[in-house]
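Hi there,

Here is the structure I promised to pass on. Have a look at it first, and then read on for what turned up.

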Amino acid sequence: MDVAKGHSVMLTNEGLYQTLLDSITDYAIYMLDADGHVSTWNSGAERIKGYRADEIVGRHFSLFYTEDDRLRGEPQRALSIARRDGRFEKENWRIRSNGSRFWAHVVIDAIHDDSGNVVGFAKITRDNSERMEAQTALAKAREELFQAQKMEAIGQLTGGVAHDFNNLLMAIRGSLEMLRKRLPDDPTLFPLIDNAIRGAERGAALTQRMLAFSRRQELNVVPVDVPKLVHGMRDFLKSSLSQTLSIETAFAGDLPPARTDPNQLETALLNLIVNARDAMPNGGTISISAAPQDAAAQESRLKPGRYLCIRVTDDGEGMDAETLAHATTPFFTTKGVGRGTGLGLSMVQGLIEQSGGALNIESSPGKGTTIFLWLPVATEGQASAEPEAPTIVPEEPTRPLTILAVDDDPLVLMNTTLMLEDLGHTVIEAYSAADALSVIGRGEALDLVITDHSMPQMTGSELAREISRQHPDLPVILATGYAELPAGSDQHLPRLAKPFTQAQLKEIVGTVLH
């Protein structure tokens, strides 16, 4: 009787134990025999791994490992460590019955008999996929924040350097122009001056790339007919590419116009095509296409809305993961010494982002590269940009004016003064906004004020606002190398982009006064 009662109690305890295990659904809890075959199974194991008890009991637990882990002998190693140390613990990928993977935290404990021999293993597995995904997302967010902060810092530095370099180019280029006009007609000297001017112009082009990267270049954002712009480049591109390269285009007939600067977009596409050419030394095909896309589901960096996605694809060498990660980093280049500035892709990225879009790249070694340019679609009713007719500067000189020139850089101020005086104007110089207001306060009869924007204490925009308050009829021209003025600045002031030539200076003076 006592034996029967004891047996009944044991069965009852086993039933309670199994009921307890089956009530735990967040953990797969089961036992293995000494060779690793599944001998028990709970409801948590069925939920996590997808097998019913009758499907898995008796099968080897290596079934839950990835094929690579099985080939490396990971199941056997886990049992060996548990047999030797009494316990094995690790996180890694595991496979469900349907073939999908999950990130598992695994614990294997050895089970010993009274003699100390290992008779089996207790195995507990928890699905930590959500935690791993959250950690991965957090790490990605941190990396993106770090990259954004790094690029912002580089952008601030690059923009500042470009602004200061523009001032130096102003002095160099303007002085060379004046020197060329005043030198006697000597054929041995003119080539030297022209060569120096071309060098200054190349420096100006480099600063434009730097400003484009830092999103501080001047943009004329208008609706752009992308197919028309690309087809207009074809003749020039054919003459620039070797006979072994071909360009293919694929545009639908009803593409909406994109909002950007057409001249800068043309330069950006030219950069991408040159990069594609360099990636295909033995020839190949460059494809340019575009299609309207809803960015909400395609590109997370963009605001919801309609975009035109321009694709530039080559079948060249492609990039490995490391090169791809640095492709848009300024001054990064794989072209070798003297063959590239490393600003091409970063300039393109700066233009696209300044236009309200985004750039991304898909590439792999041996499979070519595709650049995606996302640009906002222009709203209905806006006409596409047509090429502007060249502005003809009048041959007749503007009537002599008295002009107040304001700049905190003496080299730039002297250069501006020389240009204006050469045009027949009288120039009063001021080295700060305070000096300029002092000149105006003395009652000088002025026809025009030309002021730099970036000055200490009081900016050119703030100076223009004060001049407008005191003398509403006195026109002001703002000279700046930056595209974006601070909030609160007068965005409607006539602007002269640095570095400027005497012809550009003459043109804007004539336009403002007429």
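Five strands make up an open sheet of mixed pairing, and their order across the sheet is 6-8-9-11-10. Strand 6 (245-251) and strand 10 (358-363) are the edge strands, each with pairing on one side only. From one strand to the next, the twist averages 15°. Before going further, please keep in mind that this is a predicted model.

Walking across that sheet, strand 6 and strand 8 run parallel and are joined by 7 bridges. Ser246 has Thr285 in strand 8 as its bridge partner. Strand 8 (residues 284-294) then runs antiparallel to strand 9 (residues 306-314), with 9 bridges between them. If you would like some pairs to click on there, Ile288 stands opposite Val312, Gln293 has Tyr307 as its bridge partner, and Asp294 is matched in the same way with Arg306. On the next step, strand 9 is joined to strand 11 (residues 369-376) by 8 bridges, and these two strands are antiparallel. Cys309 finds its bridge partner in strand 11, namely Trp374. As a general reminder, the strands of a sheet pair through backbone hydrogen bonds, in either the parallel or the antiparallel sense.

This sheet also has a helix across it: helix 9 (residues 262-278) lies over strand 6, strand 8, strand 9 and strand 11. Its direction makes an angle of about 30° with strand 9.

Now to another sheet. Here 4 strands form an open sheet in the order 1-4-3-2, and the pairing is antiparallel. Its edge strands are strand 1 and strand 2, each of which pairs on one side only. The twist in this sheet averages 25° from one strand to the next. Strand 1 and strand 4 share 7 bridges in the antiparallel sense, and Tyr27 stands opposite Arg126 in strand 4.

Which helix lies across strand 1, strand 2, strand 3 and strand 4? That is helix 5, which runs at about 160° to strand 2. I spent some time on this helix, starting with its length. Helix 5 (residues 74-85) has 12 residues, and at 1.5 Å a residue it should span 16 Å; the C-alpha atoms at its ends are 16 Å apart, so the two values agree.

Next, which residues of helix 5 are buried? They are Glu74, Pro75, Ala78, Leu79, Ile81 and Ala82. Viewed down the axis of helix 5, the buried residues fall within an arc of 160°, and therefore they line one face of the helix. They pack against strand 1 (27-33), strand 2 (87-95), strand 3 (101-112) and strand 4 (118-127), as well as helix 4 (67-71). Just past the end of helix 5, Gly86 adopts a positive phi of about 90°.

Finally, some totals for the whole protein. The secondary structure comes to 16 helices and 16 strands. Of the 514 residues, 42% are buried. Among contacts with a separation of 6 or more, 62% are between residues 24 or more positions apart. The accessible surface is about 27500 Å², and carbon and sulfur atoms account for 53% of that surface.

Enjoy exploring the model, and do write back with any questions.

Best wishes

Definitions and conventions:
Residues numbered from 1 in each chain as written. Predicted model: local features only at pLDDT ≥ 70, side-chain atom pairs only at ≥ 80, totals over all residues. Heavy atoms only, no water. Pairing = 2+ DSSP bridges. Expected span 1.5 Å × (residues − 1). Buried < 20%, exposed > 50% of the residue type's maximum accessible area, 1.4 Å probe, protein only. Arc of directions from axis to C-beta. Contact = heavy atoms within 4.5 Å. Areas by Shrake-Rupley, 256 points an atom, 1.4 Å probe, with all protein chains shown as cover. Axes fitted to C-alpha atoms, helices over the stretch in contact; angles between N-to-C directions.
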